[in-house]
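Colleague: I would like a close look at a single part of this protein. Please start there, then set that part against the rest of the chain.

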Amino acid sequence: MSFKSEMRELGNHLQTGVSYMIPVVTAGGLLMSIGTLVGGTNVAANSFWGQVKNLGLIGLQFIPIVIAAYIAFSIADRPGLAPGFIVGVVAQKMGTGFIGGIVVGLLVGYLTKWLKKVPVPQKLVTVKALLFIPLIVTAVIGLLYIYIIGTPLKAVVDGLTGWLQGMKGANSVLLAAILGAMMAFDMGGPVNKVAYTFGMGCYAQGVYAPSTAMLLAIAIPPFIMFVATLFDKSLYSKEEIENGRTAAIMGIFGITEGTIPFALADPLRVIPSIMVGTAVSCALNAAFGVTQKTALTTLMALPFASNIILYIVSIVVGVLVGAVMVNALKKFTHHNVDQDALK
């Protein structure tokens with residue numbers, strides 16, 4: 001297997017873990033936000049809304065556990081699940097968070113995969129899968145993590161978390177713009193997935209500025225193309241105008257892929273425009289200092305934004321910038337084409 005294909009396979013394993021983690025993040029983050037929003041910042045732990053908030057916090061504690069188990073599952077199938085869950089709890093208790101979950105998942109997965117290939121007598125095949133592999137992998141990776149890996153990794157995670165939390169001013173705005181542009185670049189493709197995983201990793205560590213930028217970016221591209229079709233229908237076919245309405249609906253529910261038909265038809269004008277517009281939205285929101293502590297996207301996160309008005313302003317400005325840019329590029333091209341035809 002080539003290095004490129006190995007990296008692609010590794011990326012698929014990581015994405016499997018992230019995909020199983022998302023419902024945990026969404027449920028936990030939303031419950032925590034609702035409890036805080038309704039009950040107040042200092043809500044009593046034993047009150048009704050305090051218990052709602054606590055449920056969310058409990059859910060968020062499962063992030064490293066779930067990602068560890070399902071990365072291991074992706075690599076080694078079912079035999080990787082039990083040790084992934086158990087050592088994932090070790091990673092969670094040692095405070096190594098999302099990154100610790102990834103490390104555990106990879107170590108458990110590849111050791112399990114190797115042990116599955118070790119030949120044993122036919123009579124022991126079932127016992128090997130049910131007893132020997134979970135026992136050996138859990139003991140080896142668990143003790144390795146406790147005595148060697150966990151403590152230095154926690155120091156790295158704490159340092160990274162502190163650095164991200166300490167990002168202010170131009171640095172935070174630049175990071176938000178980069179995440180926004182990456183999310184818009186391939187609309188669900190590999191670059192988008194890297195930005196998404198980074199944002200979710202920050203969210204799991206309680207660093208909400210990068211995750212807010214990443215989640216805000218998800219619906220901006222389809223909104224840009226919807227507004228662009230409204231601004232100048234002469235630049236678009238009837239089918240594209242209909243696609244714009246569909247994209248807007250998909251954007252409301254956090255589906256970036258509604259932009260893909262436009263990008264496929266005119267990539268040189270659409271992709272740079274949605275990247276710029278999305279980067280503007282994310283950068284402006286970061287400059288305003290607005291965050292949201294759920295895993296909800298764009299409009300769905302609106303009630304949970306720390307400043308709803310400025311959050312809306314960021315969306316509107318970025319969408320307008322992107323829509324104006326894509327239409328200007330299309331008009332400029334059409335004008336040049338017409339001039340060439342006259343010659």
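**Helix H6 and its surroundings**

Modeller: Val 127 is found in helix H6, and this helix is the part I will look at closely. The model is predicted, and everything below is computed from its atoms. Helix H6 covers residues 125-165.

The surface comes first. Val 127 belongs to a nonpolar patch on the surface. The other members of the patch are Trp 114, Val 118, Val 120, Leu 124, Val 125, Leu 130, Leu 131, Phe 132, Leu 135, Ile 136 and Val 140. Together these residues have about 1000 Å² of accessible area. Helix H6 supplies the largest share of the patch, with eight residues.

Further along the helix there is a charged pair. Lys 154 and Asp 158 are both in helix H6, four residues apart, which is about one turn of the helix. Their side chains form a salt bridge, with 2.7 Å from N to O. Side chains of opposite charge can pair when their charged atoms come close. With a cut-off of 4 Å between a side-chain nitrogen of Lys or Arg and a carboxyl oxygen of Asp or Glu, the count for the model is five salt bridges.

Now the rest of the chain. The protein has 14 helices and zero strands, so defined by DSSP runs. In a box taken along the principal axes, the C-alpha atoms fill roughly 80 × 55 × 35 Å.

Three helix pairs can be described in turn. Towards the N terminus, H1 (3-39) packs with helix H3 (residues 63-76) at an angle of about 145 degrees, and the axes are 8 Å apart. The crossing of H1 and H3 is right-handed. On the H1 side the contact is made by Asn 12, His 13, Leu 14, Thr 16, Gly 17, Val 18, Tyr 20, Met 21, Val 24 and Val 25. On the H3 side the residues are Ile 63, Val 66, Ile 67, Tyr 70, Ile 71, Phe 73, Ser 74 and Ile 75. By class this contact has 13 nonpolar, five polar and no charged residues.

Helix H9 (residues 208-217) and helix H13 (residues 267-288) also pack at about 145 degrees, with 9 Å between their axes. Their crossing is right-handed. Thr 212, Ala 213, Leu 216 and Ala 217 of H9 touch Thr 278, Ser 281, Cys 282 and Asn 285 of H13. Four of the contact residues are nonpolar, four are polar and none is charged.

Helix H10 (residues 220-231) and helix H11 (residues 238-252) have an angle of about 145 degrees and axes 8 Å apart, and the crossing is left-handed. From H10, Pro 222, Phe 223, Phe 226 and Thr 229 take part. They meet Glu 240, Ile 241, Gly 244, Arg 245, Ala 247, Ala 248, Gly 251 and Ile 252 in H11. This contact divides into seven nonpolar, three polar and two charged residues.

One loop residue completes the account. Ala 45 lies in the loop between helix H1 and helix H2 (48-60). Neighbours within four places in sequence aside, Ala 45 is in contact with Gly 50, Gln 51 and Asn 54. The C-alpha atoms of Ala 45 and Met 200 are 26 Å apart, with the two positions 155 residues apart along the chain.

Definitions and conventions. Residues numbered from 1 in each chain as written. Predicted model: local features only at pLDDT ≥ 70, side-chain atom pairs only at ≥ 80, totals over all residues. Heavy atoms only, no water. Axes fitted to C-alpha atoms, helices over the stretch in contact; angles between N-to-C directions. Helix = DSSP H or I, 4+ residues; strand = E, 2+ residues; numbered from the N terminus. Left-handed = near helix turned anticlockwise from the far one by under 90°. Contact = heavy atoms within 4.5 Å. Nonpolar A, V, L, I, M, F, W, Y, C, P; charged D, E, K, R; others polar. Patch = residues over 30% accessible without salt bridge, like charges linked within 9 Å, V, L, I, M, F, W, Y side chains within 5 Å. Areas by Shrake-Rupley, 256 points an atom, 1.4 Å probe, with all protein chains shown as cover.
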